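Hi,

Here is the structure I promised to pass on. Have a look at it first, and then read my notes below.

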Amino acid sequence: MNNVVKTFFTWASITLAFYPGPVFSSKMVEIPAGPFVMGNDSDRYAPPQHSMYLENYWIDIYEVTNEEFAIQFPEHPFWKGAAPHPVTDISWQEAQSYCLKMSKRLPTEAEWEKAARGEDARLYPWGNKPLRKKAHPFHSGLIKRRIGLNKKDVSPYNVRDMASSVWEWTTSEVEGKKITRGGLWNFHLEYEFSKTFDRNLVASSNRLPFIGFRCAR
Amino acid sequence: MRTLEKFTRRLFLQRGFWATTLIFWSWFRGSTHAKELHTYEGTDFIGKTREGEYKNFYINFWKPMRRINGKTWQLKITGLCDAPQSFTLEHFKSFTSTTQSSRMKCVECWSARAQWSGFSIHELEQIVRPQPNAKGILFHCADEYKEYLSRTALNQDRVILAHSMNGKPLTDAHGFPLRLIAPSKYGYKNPKAILEMEYVSEHQAGTWSKIGPYSPDGTILPGTDHPLEFGKEPRRISGGEITDY
């Protein structure tokens, strides 16, 4: 009997270890109407700190994956193992087109920030301290991972991967460039978690390996 | 007393004249001899340096290398193309030339801007005709450095094979006679002193990507830059080509 139990648990462990996991990124969560604290005065690149009221809206829990994107845009290339990775190398227009095909849209900067930050003005989606001293092993490029793999990168509204994955397109813009939110900062092979108010401005036509997106409604 | 006065005035004027002359002479000499030497100055070799004129544009090489003789140099195009052949510097004069200002961003953190002149890969590919299965080019350099870039990356706008820098032919330190300029990639994806371009069917790791913590893709990521001409004062960059300064 013991052998049967052992065999079962061994089989279950191996199956779970290699199971790629379902792709959940089309699942959305409702962010309730109400005020939240946006921006930060200590970061000259972020909007000044202020209170903002938003009506309720829905936002994807996960970033859109390569696999999902390729269903709508079959010419999108990716290697087989990258199916559950966040889709990247897509322009702002392509991201918006995908959202529209799904009867959604890209989030505004404010919607993105509230979903990541909650109502208590936290610095990171999970709280006020970085998860680790080093957000990323020493490497000059991003190491993309399956969406939702980091179990601790969860916002107060249960939105995932908002500080330790790729940057994400929003509909907002400054100085003619689109505002992207929430990726990793590279400091000479050392990576830092993006804070909930961090902005990165990028031309909308750029296709870059560190920019993906999620949709809102 | 009057004689003494005359003599003193003359002496004063004479000494004043010579002192002024000496000041001008030393100022003139100073400006022409202030150039600091670097390690490879006056030798037949070139290698990594940050000295002398290169304080404002650092020089990296994989290994010190012997300077290339432009009269005998040939660029070999090999691998998966229908018309593999060699080109001399003279050949490139007939190519459509393009000039652009772009910033070289090193993965070591520094960056520097220059004006580069050269031609697009498309010019070369019209002649050598890469085969459909040629996915990228492996660059073989004189310092034994190797780097790979996909044909997709090489055919992007603003990616050129440069033969001139700031209006003059490339110096040995900056990769004479030919180097790649890919402004959205870190410096290690901009091979220089190119000897051979080999069309290959599969991605290959370059020298640094094979042994160091450098991504094979090499796209500049969001972070901080320390531009040399601005005293390394840190500036935030959004990733991709640096166009803000």
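A good place to start is a strand pairing: B:L138 has B:Y148 as its bridge partner in β8(B). Keep in mind that this is a predicted model.

That bridge belongs to an antiparallel pairing between β7 (residues 136–141) and β8 of chain B, which runs over five bridges. Zooming out, the two strands are part of an open, five-stranded sheet in chain B with mixed pairing, in the order β4-β3-β12-β7-β8. The edges are β4 (85–87) and β8 (146–150) of chain B; each has a single partner strand, so one side of each has no neighbour in the sheet. On average, neighbouring strands here are turned by 20 degrees against each other, if you ignore direction. As a reminder, strands of a sheet pair through backbone hydrogen bonds, in either a parallel or an antiparallel way.

Next, a helix. Which residues of α3 (residues 121–128) in chain B are buried? They are B:I121, B:E123, B:L124, B:E125 and B:V128, so two glutamates are on that list. Right after α3(B) comes B:R129, with a positive phi near 50 degrees.

Now the aromatics. Over all chains, the count is 22 aromatic pairs. One of them is A:Y124 with A:W126: the ring centres are 5.3 Å apart and the planes are at 5 degrees, so this pair is stacked. Both A:Y124 and A:W126 are buried.

Over in chain B, B:W73 and B:F92 make a tilted pair, with 6.2 Å from centre to centre and 55 degrees between the planes. This pair links distant parts of the chain, 19 residues apart: B:W73 is in the loop between β2 (65–66) and β3 (75–79) of chain B, while B:F92 is in helix α2 (residues 89–92) of chain B. B:W73 counts as buried because its relative accessibility is 4%, and B:F92 counts as buried at 4% relative accessibility.

There is also a cluster in chain B, where ring pairs link B:W62, B:Y186, B:Y188, B:W208 and B:Y214.

Last, two arginines placed over rings. Where does the charged end of B:R235 sit? Over the ring of B:F230, 4.2 Å from its centre. For B:R236, the charged end sits over the ring of A:W185, 4.4 Å from its centre, so here the arginine is in chain B and the ring is in chain A.

Cheers

Technical notes. Residues are numbered from 1 along each chain as its sequence is written. Chains are lettered from A and ligands numbered from 1 in the order in which they are written. This is a predicted model: local features need pLDDT of at least 70, side-chain atom pairs count only at pLDDT 80 or more; totals for chains, interfaces and linings use all residues. Side-chain values use heavy atoms; hydrogens and water are left out. Buried means under 20% relative accessible area, exposed over 50%, partly exposed in between (1.4 Å probe, protein chains only). Helices (H or I, at least four residues) and strands (E, at least two) are DSSP runs, numbered from the N terminus. Two strands pair if DSSP finds at least two bridges between them. Axes are lines fitted to C-alpha atoms, for helices over the stretch in contact, and angles run from 0 to 180 degrees between N-to-C directions. Rings of Phe, Tyr and Trp (its six-membered ring) pair if their centres lie within 6.5 Å; planes under 30 degrees apart count as stacked, over 60 as edge-to-face and the rest as tilted. A charge sits over a ring if NZ of Lys or CZ of Arg is within 6 Å of the ring centre and within 35 degrees of the ring normal.
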